[in-house]
Amino acid sequence: MDSIWQNAFYETPPAIAWTYKISFNSFKGVDKNSADILNSAIVDINVGKRESQYVSVFYGGIEFKKFTRANTTGEISVKFNEDENYTITKIIESIYENYNMNQNYPTSTDSDALAYNSGGKDYKIDENIIEVQVYKNSELDAEEPEVTYSFYGCKIVSLDDIQFSYDSTEAITRSVHFTYDYMKFKKNEKKES
């Protein structure tokens, strides 16, 4: 019997977890400058699992599994490094305010004040796309990634708290949890030359 180490698969180096890029460039309501900042400040992202629901169907005394629905976790978590100007906090709080219950409440002196919780700016939510592009270890600067995960209909559902402390010397990070409507997976089909 051949060993598992005696096959061509193990001649390829293992994939490394830091060979990815993230893109907020197709996230509506985030200008190009803010998208570039978010793309650069990312520490890590958790790409959710995919699974299928199924039912058991019995015929002729045999059980068959029939797929009924594809599921995703419906949520991705992104962690950003913060700078001393709290640039990330300003951007993500702005996104949160635009999409989540319009936190820009009117004051009593506003003559044409909006109703409370009137909804955010007029963006099509399904156009909010976050892309995770994964590259080969040696090709991080390549034009085309090996695989791309695209998350459509992204909305912020929660911003993790920040702990301020006189005891701490650690840098501040911000974790943001997005929900999404659906995900597409794309693999790059490179043509052999």
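# Group meeting: a predicted chain with ten strands

Among the elements that contribute to the nonpolar surface patch, strand β3 gives the most, with three residues. The patch is made by V55, V57, Y59, I62 and F64 and covers about 480 Å². The elements that give two or more residues to the patch are β3 (50-59) and β4 (62-72). For patches, residues must have over 30% relative accessible area and no salt bridge; like charges are joined within 9 Å, and nonpolar side chains (Val, Leu, Ile, Met, Phe, Trp, Tyr) within 5 Å. The areas come from the Shrake-Rupley method with a 1.4 Å probe, and for residues only the protein chains shown count as cover.

Before I continue, a word on the source. This is a predicted model, in which local features need pLDDT of at least 70 and side-chain atom pairs count only at pLDDT 80 or more, while totals for chains, interfaces and linings use all residues. Residues are numbered from 1 along each chain as its sequence is written, and side-chain values use heavy atoms, with hydrogens and water left out.

Let me turn to the overall layout. The chain has two helices and 10 strands, and along the sequence they follow the pattern β-α-β-β-β-β-α-β-β-β-β-β. Helices (H or I, at least four residues) and strands (E, at least two) are DSSP runs, numbered from the N terminus. Of the 193 residues in the chain, 27% are buried. Here buried means under 20% relative accessible area, exposed means over 50%, and partly exposed lies in between, with a 1.4 Å probe and protein chains only.

One member of the patch can now be placed on that scale. Y59 is in strand β3, and Y59 counts as exposed because its relative accessibility is 66%. At the other end of the scale is T19, in the segment before β1 (20-23). T19 counts as buried, since its relative accessible area is 1%. The side chain of T19 reaches the backbone oxygen of I16 at 2.9 Å. That is a polar contact, a pair of N or O atoms within 3.5 Å; within protein, one must be able to donate a hydrogen and the other to accept it, and residues adjacent in sequence count only if both atoms are side-chain atoms.

I come next to the aromatic residues. How many aromatic pairs does the structure hold? The structure holds seven. One of them is formed by Y152 and Y182, which are stacked, at 4.8 Å centre to centre and with 5° between the planes. This pair links distant parts of the chain: Y152 is in strand β7 (residues 147-152) and Y182 in strand β10 (residues 182-187), 30 residues apart. Rings of Phe, Tyr and Trp (its six-membered ring) pair if their centres lie within 6.5 Å; planes under 30 degrees apart count as stacked, over 60 as edge-to-face and the rest as tilted. Y152 is buried, at 17% relative accessible area, whereas Y182 is partly exposed, at 39%. K184 lies over the face of Y152, 5.4 Å from the ring centre.

In addition, F24, F27, F80 and F178 form one aromatic cluster. The charged end of K21 sits over the ring of Y135, at 5.1 Å from its centre. A charge sits over a ring if NZ of Lys or CZ of Arg is within 6 Å of the ring centre and within 35 degrees of the ring normal.

The next topic is salt bridges. A salt bridge is a side-chain nitrogen of Lys or Arg within 4 Å of a carboxyl oxygen of Asp or Glu, and the count by this rule comes to three. K32 forms a salt bridge with D36, their closest N and O atoms being 3.1 Å apart. About one helical turn separates K32 from D36, because they are four residues apart in helix α1 (residues 32-41). K32 is exposed at 61% relative accessibility, while D36 is partly exposed at 30%.

K65 and E63 meet through their side chains in another salt bridge, at 2.7 Å from N to O. K65 is partly exposed at 47%, and E63 is partly exposed at 39%.

Where do the partners of the salt bridge between K155 and D181 lie? Their side chains meet at 3.6 Å, N to O. K155 is in strand β8 (residues 155-159) and D181 in the loop between β9 (173-179) and β10, so the pair links distant parts of the chain, 26 residues apart.

I close with Y86, which has a positive phi of about 55° although it is not a glycine. Y86 lies in the loop between β5 (75-81) and α2 (87-99) and is partly exposed, with a relative accessible area of 31%.
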